[in-house]
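Me: I would like to learn how to read a protein fold step by step, beginning with the overall layout and ending with the interior. Could you take me through one example?

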Amino acid sequence: MKNVVYNEVVYDRRIMVQKHDNPFEYYTGYIQLHFTDPRTWLDKVRTGDYDYFDELDEFSEIDVGINYAGNLGIDSELWVGFDTASFPIGEYTEEDCVDMLERTARLLFIRTNAVSDAMAEHLAKDQDAKTDERTKHVGLLLETLNDLANASAFNELGKKNKVREKIDSAGKKLTLFLTKDMNVSLSDIALFTILKTVLSEDDEDQENE
């Protein structure tokens with residue numbers, strides 16, 4: 001038998017926790033996906049590929065791991081979830097499950113807003129461009145935006161190691177875009193990086209004088 005013990009909208013996403021008592025007590029938790037989430041996420045959840053979500057940084061706040069992706073038979077809503085059945089009874093409480101879901105909802109909220117802001121800025125700059133002049137490797141730009149959005153989210157959560165990881169990843173993808181699509185040489189990119197570092201050091205020296 002199961003009972004819904006928590007069902008609320010948090011950071012614009014519905015999260016739900018169910019308590020089970022057969023054959024023993026454990027919890028299941030779920031977080032709603034939006035149809036505006038990345039297309040890959042929606043495709044994966046429709047095929048029940050929960051392993052995919054277990055590898056994503058966006059769901060890393062789920063300490064027990066992701067082991068569900070589907071619609072729960074609730075209208076057409078899509079969900080990603082977990083259960084605590086494989087852990088000792090009492091190790092994870094209802095409050096622990098809610099906390100994991102709330103932290104995940106917050107992370108997704110920050111990520112979504114960062115992506116929206118970045119895309120809006122990009123579209124505003126690109127609105128007068130001709131179709132045949134637009135980037136051929138837009139996928140690299142979108143992946144770069146995704147990494148920067150995740151970096152912003154992790155920065156809000158104080159996870160500096162994850163911030164550096166995502167910024168490094170964004171830098172590599174941006175370099176690929178510049179070399180493949182814009183024909184910028186690696187030496188020019190390296191020179192720009194060196195100049196930026198030197199100028200930053202000069203600014204710090206002037207501030208300290």
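Reply: What follows is a short dialogue on the layout, the sheet and the nonpolar interior of this predicted model.

Me: How many helices and strands are there in the protein, and what pattern do they follow along the sequence?

Reply: A useful start is to list the elements before looking at how they are arranged. Here there are six helices and five strands, and, read along the sequence, they follow the pattern β-β-β-α-α-β-β-α-α-α-α.

Me: In what order do the strands form the sheet?

Reply: The order in a sheet has to be read from the pairing of strands, and in this case the five strands form an open sheet in the order β1-β2-β3-β5-β4, with antiparallel pairing. Because β1 (2-10) and β4 (68-70) stand at the edges and have a single partner strand each, one side of each is left without a neighbour in the sheet. From one strand to the next, the twist averages 20 degrees.

Me: How many bridges join β2 to β3, and which residue stands opposite Gln18?

Reply: Strand β2 (residues 13-20) and strand β3 (residues 26-33) run antiparallel and are joined by six bridges, while Gln18 has Thr28 of β3 opposite it. Against the sheet packs helix α1 (residues 39-46), which touches β3, β4 and β5 (78-83), and whose direction makes about 65 degrees with that of β5.

Me: Which residues have the most contacts inside the largest nonpolar core?

Reply: The general idea is that, in soluble globular proteins, nonpolar side chains tend to be buried together. In this model the largest nonpolar core has 27 residues, and those with the most contacts inside it are Ile31, Leu33, Phe53, Phe59 and Val80. At least two residues of this core are supplied by each of β1, β2, β3, α1, β5 and α3 (94-126), and the largest share, six residues, comes from α3.

Me: Taking Leu33 as a case, what is it in contact with beyond its neighbours within four places in sequence?

Reply: With those neighbours left aside, Leu33 is in contact with Arg13, Trp41, Val45, Phe53, Phe59, Leu78 and Val80. There is also a second, separate core of six residues, among them Ile110, Ala151, Ala153 and Val163.

Me: What share of the residues counts as buried, and how much area does the protein expose?

Reply: Such totals describe the whole protein, and here 32% of the 209 residues count as buried, meaning under 20% relative accessible area. The protein exposes about 12900 Å², of which carbon and sulfur atoms supply 50%.

Note on methods:
Residues numbered from 1 in each chain as written. Predicted model: local features only at pLDDT ≥ 70, side-chain atom pairs only at ≥ 80, totals over all residues. Heavy atoms only, no water. Pairing = 2+ DSSP bridges. Helix = DSSP H or I, 4+ residues; strand = E, 2+ residues; numbered from the N terminus. Axes fitted to C-alpha atoms, helices over the stretch in contact; angles between N-to-C directions. Contact = heavy atoms within 4.5 Å. Core = buried A, V, L, I, M, F, W, Y, C linked by side-chain atoms within 4.5 Å. Buried < 20%, exposed > 50% of the residue type's maximum accessible area, 1.4 Å probe, protein only. Areas by Shrake-Rupley, 256 points an atom, 1.4 Å probe, with all protein chains shown as cover.
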